[in-house]
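Hello,

Here is the structure I promised to pass on. Please open it first; my notes follow below.

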Amino acid sequence: MTQTLTTQNARIALTETIIMAKMAKNLSWQDLANGTDMSIAFVTAALLGQHPLPEHAAQKIVKQLELSEDAALLLQAIPLRGSIPQGIPTDPTIYRFYEMLQVYGTTLKALVHEQFGDGIISAINFKLDIKKVEDPDGGSRAVITFDGKYLPTKPF
């Protein structure tokens with residue numbers, strides 16, 4: 001039966017346990033995603049408390065990290081989503097994404113509406129990918145792809 005959480009408390013505590021076990025075992029997010037038949041982005045988001053995992057993925061990760069059966073149940077429950085509590089984020093990496101949306105949010109909105117019409121890009125029917133590529137001018141670049149289904153506004 002599908003279960004849902006009404007607070008973030010249990011998942012926050014589990015996330016801390018997962019991170020500690022991941023560090024203790026010197027595992028990567030990719031190591032944890034391997035064998036789940038799911039993307040690294042989705043599994044990482046789930047382990048950070050933003051998505052439920054299917055039973056097979058939850059069981060695989062619980063076994064790999066040597067966590068309790070309660071952890072497997074929590075990983076399968078629909079969480080109360082949201083990872084930025086309130087106000088402007090203070091973590092520099094998260095703040096830069098916030099800054100990107102502050103600068104380009106209205107541009108993205110204008111282009112989505114011009115190209116698709118009145119509607120939104122789904123964060124539910126969604127895929128995320130991140131790749132590290134070499135910058136021809138030196139260093140590295142992050143290529144981040146947000147791939148969400150367009151959902152038109154339906155008058156009623």
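From the N terminus on, the elements run α-α-α-α-α-α-β-β. That makes six helices and two strands in the protein. Bear in mind that this is a predicted model.

Overall picture first. The C-alpha trace spans about 55 × 50 × 30 Å along its principal axes. The protein has 156 residues, and buried ones make up 24% of them. Of the contacts between residues at least 6 apart in sequence, 54% join residues at least 24 apart. The accessible surface comes to about 11,300 Å², and carbon and sulfur atoms account for 59% of that. On charge, there are 14 positive and 16 negative side chains. The centres of these two sets lie 3 Å apart.

Now helix H1. H1 covers residues 9-24, so to speak its full 16 residues. From first C-alpha to last, H1 reaches 23 Å, close to the 22 Å expected at 1.5 Å a residue. Its buried residues are Arg11, Leu14, Thr15, Ile18, Ala21 and Lys22. Seen down the helix axis, these fall within an arc of 130 degrees, so they line one face of H1.

What covers that buried set? The cover includes helix H2 (29-33), helix H3 (40-47), helix H4 (55-65) and helix H5 (69-76). The face of H1 turned away from the buried side carries exposed residues: Asn9, Met20, Met23 and Ala24.

One backbone detail to check on screen. Just after H1, Asn26 takes a positive phi of about 55 degrees.

Best wishes

Note on methods: Residues numbered from 1 in each chain as written. Predicted model: local features only at pLDDT ≥ 70, side-chain atom pairs only at ≥ 80, totals over all residues. Heavy atoms only, no water. Helix = DSSP H or I, 4+ residues; strand = E, 2+ residues; numbered from the N terminus. Buried < 20%, exposed > 50% of the residue type's maximum accessible area, 1.4 Å probe, protein only. Contact = heavy atoms within 4.5 Å. Areas by Shrake-Rupley, 256 points an atom, 1.4 Å probe, with all protein chains shown as cover. Lys, Arg positive; Asp, Glu negative; His and termini not counted. Charge placed at Lys NZ, Arg CZ, Asp CG, Glu CD. Expected span 1.5 Å × (residues − 1). Arc of directions from axis to C-beta.
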